[in-house]
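User: I would like to learn how to read nonpolar cores and cysteines in a model. Please take me through them one at a time.

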Amino acid sequence: MTLVRLPRRAALAGAAAATLSPLAAQAAWTPSQPIHVLVGYPPGGAVDILVRVVAEGAHRLHGLQVMAETRSGAYGFIAAQAAARAAPDGYTLCSAIMGMMSVLPAIPGIPVPLDLDHELTPVSALAGTPMALVVRPNAPFNDIDGLIAYARSRKGAATYASSGNGSINHLGGALFCGATGVEMTHVPYRGGAPATLDVSAGRVDMMVANVAEVAQQINAGQLKGFGVTAVEPTPLAPALPPLAARIPAMEINNWFGLAGPANMPAEVRDGLGRLFHSVVHDPQTSKILTERGLLPLGESGPAFSQRILRDRARWKEVAQANNIRGD
């Protein structure tokens, strides 16, 4: 368990008062005790890093105490189940990412151990990151046109890797195939690290991966990067062209957020939303996130809920169009 100690909360109350009427400011909920964030993914990953950066920002800006606890496993659902059983008082939250909230529920045959729409309360979409389309370093092509021509000439023998069946890497690869009219064979792995390792070793042709997780290998020449799934370049890999500017379907913003138990009072949810919005949009925190390939969002409450449902509908369509199942 990692403890970030934050001594005061007066600054947060002041920030709320600056945007609300005096009466509303007095009624606005602000934390009065430590906030526990159950992180459903291993230390050192994008989610873990994001939570720690946000905790530091809350410390610096608002004098709040945040405790990040690793509860990794089961695609993040171990942490989610623990949070769902907690009191809905705003002091126990869990990581809530696109893969867990929108992708896996859209894949037939993948068991989801809790009712995401009724057992959790979306609190804040903290940040997002584009993905990068990477290929093996010894590939006999050097751009998207070459990749498409290569895949078409192989008629299904070209391959793309993923971190598992039904993962965002899987659906991202399938989306690329559908958008460009090529046929490629999916090669699932048990995690992103072994998948990228086999691409860099030349055993698989392509992968659509979080840009933050492959930027170093691209810069080191261990992978060829052909673009990012965004309409603008990302600071973490500025040399990669925005793939979505050419192939609009390939705009993928893989987001990371927080959720709490069901039946959380609206004033508590909204208070947490204001807190995290102020943190991720603070210039210092925003700079740190951007340097790590993360785009600050700070979306909360109903807007975050709508994002979850909108993306779930999108990935359901992709899964159905490509006959993707988890069983």
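Analyst: The turns below deal with cores, then cysteines, then one tyrosine. This is a predicted model, in which local features need pLDDT of at least 70, side-chain atom pairs count only at pLDDT 80 or more, and totals for chains, interfaces and linings use all residues. Residues are numbered from 1 along each chain as its sequence is written, and side-chain values use heavy atoms, leaving out hydrogens and water.

User: Which residues have the most contacts inside the largest nonpolar core?

Analyst: In soluble globular proteins, nonpolar side chains tend to be buried together. A nonpolar core is a set of buried Ala, Val, Leu, Ile, Met, Phe, Trp, Tyr and Cys residues joined through side-chain atoms within 4.5 Å. Buried means under 20% relative accessible area, exposed over 50%, and partly exposed in between (1.4 Å probe, protein chains only). Here the largest core has 89 residues, and F176, L272 and W315 have the most contacts inside it. Another core, of 17 residues, lies apart from it and includes V199 and A237.

User: How many disulfides does the structure hold?

Analyst: A disulfide is a covalent bond between the sulfur atoms of two cysteines. The criterion is a pair of cysteine sulfur atoms within 2.5 Å, and the structure holds zero disulfides. C94 is buried, at 0% relative accessible area, and C177 is buried at 7%.

User: Is Y160 buried or exposed?

Analyst: Y160 is buried, with a relative accessible area of 5%. Its contacts (heavy atoms within 4.5 Å) beyond four places in sequence include C177, H186 and M206. The C-alpha atoms of Y160 and C177 are separated by 9.8 Å.
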